[in-house]
Protein chains: 2
Amino acid sequence: VIIELSYTDLKTGEPAITHLHRALELGKHVVTTNKGPIALKYPELKALAEKNNVEIGAEGTVMSGTPSLRMAQELLAAAHIRKIQGIVNGTTNYILTQMEAGATYADALQDAQAKGYAEADPTGDVEGFDAAGKVVIMANLLMGQALTLANVDRKGITALTPADIAAAKAAGERWKLIGRVEIIGNEVAASVQPTRLPIHHPLASVGGATNAITFSTDLLGDVTLVGPGAGRVETGYAIVGDLLAIHRKQQKS
Amino acid sequence: VIIELSYTDLKTGEPAITHLHRALELGKHVVTTNKGPIALKYPELKALAEKNNVEIGAEGTVMSGTPSLRMAQELLAAAHIRKIQGIVNGTTNYILTQMEAGATYADALQDAQAKGYAEADPTGDVEGFDAAGKVVIMANLLMGQALTLANVDRKGITALTPADIAAAKAAGERWKLIGRVEIIGNEVAASVQPTRLPIHHPLASVGGATNAITFSTDLLGDVTLVGPGAGRVETGYAIVGDLLAIHRKQQKS
């Protein structure tokens with residue numbers, strides 16, 4: 001098994017795409033926590049993996065070690081997933097939670113940077129690129145689509161004002177940056193949008209850097225998974241989980 | 001595979017225990033949605049299954065088809081689960097939700113019976129026996145314990161008054177019937193108790209007949225699964241999920 005842990009580049013996917021290609025061609029299973037290659041080239045990488053009879057583990061690319069991808073792929077396998085929506089970026093959720101508590105956007109961002117949630121250049125998080133990458137990953141891994149980042153109707157949280165937050169609060173609602181993909185007939189709609197949710201909506205109570213995803217299925221209705229969305233140990237757990245899953249597939253009981 | 005679907009009897013576990021014993025002795029995998037044999041005899045049945053190199057699927061005994069047991073067993077396998085707590089009985093959660101909206105206990109129970117959530121004799125639900133059975137199942141399947149129903153410190157919701165509900169509401173809290181098992185040192189504590197939760201607690205926002213379980217782990221912190229806890233189609237899904245899981249274990253990729 002080759003474990004690919006280079007830094008995410010959502011523009012080129014490199015050097016990870018080259019690493020994964022080479023590993024798969026050599027008949028090695030791969031595990032990665034890098035969103036770049038999975039968001040940009042999954043259909044191609046998956047075909048290469050199947051041709052070489054090996055596996056791709058990418059659990060760490062969405063919700064870190066919280067087993068969102070494998071739960072959907074393995075445990076919801078007999079249900080048809082029609083819609084996926086969730087809070088898949090902890091940095092923006094932390095900022096929105098702080099703003100609801102009274103902070104300005106600038107103060108909340110600075111606080112998120114001080115806590116290590118947001119990077120010095122926060123664009124990838126606050127403009128929704130990170131969430132859009134995860135939406136593409138979920139659409140392609142869990143719903144058999146072949147989306148690209150350009151297919152995601154994306155808007156970040158930078159335009160939200162304290163007045164917007166207060167207006168939602170007064171109406172018993174709460175702003176969340178919601179990543180969403182839905183199959184409607186033969187169409188697939190994918191978006192990342194600041195969304196006002198009723199306070200009792202299951203995703204509305206998810207605060208701080210926690211992530212949550214709701215899978216809407218035909219047979220089970222809505223199944224929601226809530227857990228950590230980032231962190232060194234948590235992302236490391238994703239790698240162990242993928243290794244165990246690959247091992248299980250090689251073992252006959 | 002023998003699929004055992006007889007009616008739950010938490011006192012004797014029969015006739016399901018006899019059915020499962022016989023099937024396992026004959027070297028058949030078994031799948032069941034019947035809480036009786038799993039709550040009362042799991043350690044013994046598991047030993048018999050291992051001796052005969054076959055599997056026991058019991059996903060439908062907790063949260064119906066929502067894959068709570070397999071998520072914990074397979075996808076959280078590399079994390080140590082230290083505590084499990086949740087809302088595992090939909091009938092009582094529906095009654096509490098109705099009482100918070102202003103209904104009396106008697107009216108809410110009648111409503112639950114009219115909707116088919118509660119049985120004519122509601123004792124098993126409202127006195128916490130059903131939830132206690134699920135706590136034992138989770139302790140024994142997911143935490144390697146060998147608890148019995150007598151080990152669960154159990155209290156139902158029948159003593160809760162509208163005044164109790166109102167007092168919690170005034171304090172920004174909400175009553176939930178919480179099933180819980182926790183390992184503390186060499187001790188294991190198991191309970192089913194009406195519990196006041198802060199309104200922002202992840203389990204507090206779970207309303208109506210929905211169920212939710214929070215797994216507290218060493219490496220991932222808290223992972224919460226929310227989904228249906230009952231229903232014909234949903235429980236049927238648990239059987240299909242168990243059959244697929246048994247199939248996967250027999251297949252080498």
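**Pockets, cavities and core of a predicted two-chain model**

Helix 9 of chain A contributes four residues to the lining of the second largest pocket, the most of any contributor. The model is predicted. The volume of this second largest pocket is about 1,200 Å³. Its lining comprises 38 residues. Nearest the centre of the pocket lie Tyr7(A), Lys35(A), Glu119(A), Asp125(A) and Asp130(A). Besides helix 9, three other helices of chain A each supply at least two lining residues: helix 4, helix 6 and helix 7 (129-142). By residue class, the lining holds 13 nonpolar, 16 polar and nine charged residues.

Helix 4 of chain A spans residues 90-100 and is mostly covered. Nine of its 11 residues are buried. The buried set begins with Gly90(A), Thr91(A), Thr92(A) and Asn93(A). Tyr94(A), Ile95(A) and Leu96(A) also belong to it, as do Met99(A) and Glu100(A). Several elements of chain A take part in covering these residues. Among them are three helices, namely helix 5 (105-114), helix 6 (123-126) and helix 8 (162-170). Strand 4 (81-87), strand 6 (173-184) and strand 8 (210-217) are also included. At the start of helix 4, a side-chain oxygen of Asn89(A) comes to within 3.3 Å of the backbone nitrogen of Thr91(A). After the helix comes Gly102(A), with a positive phi near 120°.

Enclosed spaces were examined next. The structure contains four cavities of 30 Å³ or more. The largest holds about 90 Å³ of space. Thirteen residues line this cavity, with Pro67(A), Arg70(A), Gly241(A), Asp242(A) and Leu75(B) nearest its centre. Both chains contribute: helix 9 (232-250) of chain A and helix 3 (68-75) of chain B each provide at least two lining residues. Helix 9 of chain A gives the most, with seven. The lining of the largest cavity divides into six nonpolar, two polar and five charged residues.

The second largest cavity has a volume of about 70 Å³. From chain A, Glu74(A) and Leu75(A) line this space. From chain B, the lining includes Glu59(B), Gly65(B), Pro67(B), Arg70(B) and Tyr237(B). Ala238(B), Gly241(B), Asp242(B), Ala245(B) and Arg248(B) line the second largest cavity as well. Helix 3 (68-75) of chain A and helix 9 (232-250) of chain B each supply at least two of the lining residues. Helix 9 of chain B gives the most, with six. Five nonpolar, two polar and five charged residues make up this lining.

Arg70(B), one of the residues lining the second largest cavity, lies in helix 3 of chain B. Arg70(B) counts as buried because its relative accessibility is 11%, and buried means under 20%. Beyond its neighbours up to four places away in sequence, Arg70(B) touches Leu75(A) in chain A. In chain B, Arg70(B) touches Gly57(B), Glu59(B), Leu75(B), Gly241(B), Asp242(B) and Ala245(B).

The largest nonpolar core has 124 residues. Within this core, Met71(A) and Met71(B) touch the most other members. The contacts of Met71(B) reach both chains when residues up to four places away in sequence are left out. On chain A, Met71(B) touches Pro67(A), Met71(A), Leu75(A) and Leu225(A). On chain B, Met71(B) touches Leu76(B), Phe215(B), Val223(B) and Leu225(B).

How values were computed:
Residues are numbered from 1 along each chain as its sequence is written. Chains are lettered from A and ligands numbered from 1 in the order in which they are written. This is a predicted model: local features need pLDDT of at least 70, side-chain atom pairs count only at pLDDT 80 or more; totals for chains, interfaces and linings use all residues. Side-chain values use heavy atoms; hydrogens and water are left out. A nonpolar core is a set of buried Ala, Val, Leu, Ile, Met, Phe, Trp, Tyr and Cys residues joined through side-chain atoms within 4.5 Å. Buried means under 20% relative accessible area, exposed over 50%, partly exposed in between (1.4 Å probe, protein chains only). Contact means heavy atoms within 4.5 Å. A polar contact is a pair of N or O atoms within 3.5 Å; within protein, one must be able to donate a hydrogen and the other to accept it, and residues adjacent in sequence count only if both atoms are side-chain atoms. On a 1 Å grid over the protein atoms alone, a cavity is a set of points where a 1.4 Å probe fits but cannot get out, and a pocket is an open set with protein on both sides within 12 Å along at least five of seven lines; lining residues have an atom within 4 Å of a point. Grid points are joined across faces, edges and corners, and a volume is the space filled by probe spheres set on the points. Ala, Val, Leu, Ile, Met, Phe, Trp, Tyr, Cys and Pro count as nonpolar, Asp, Glu, Lys and Arg as charged, and the others, Gly among them, as polar.
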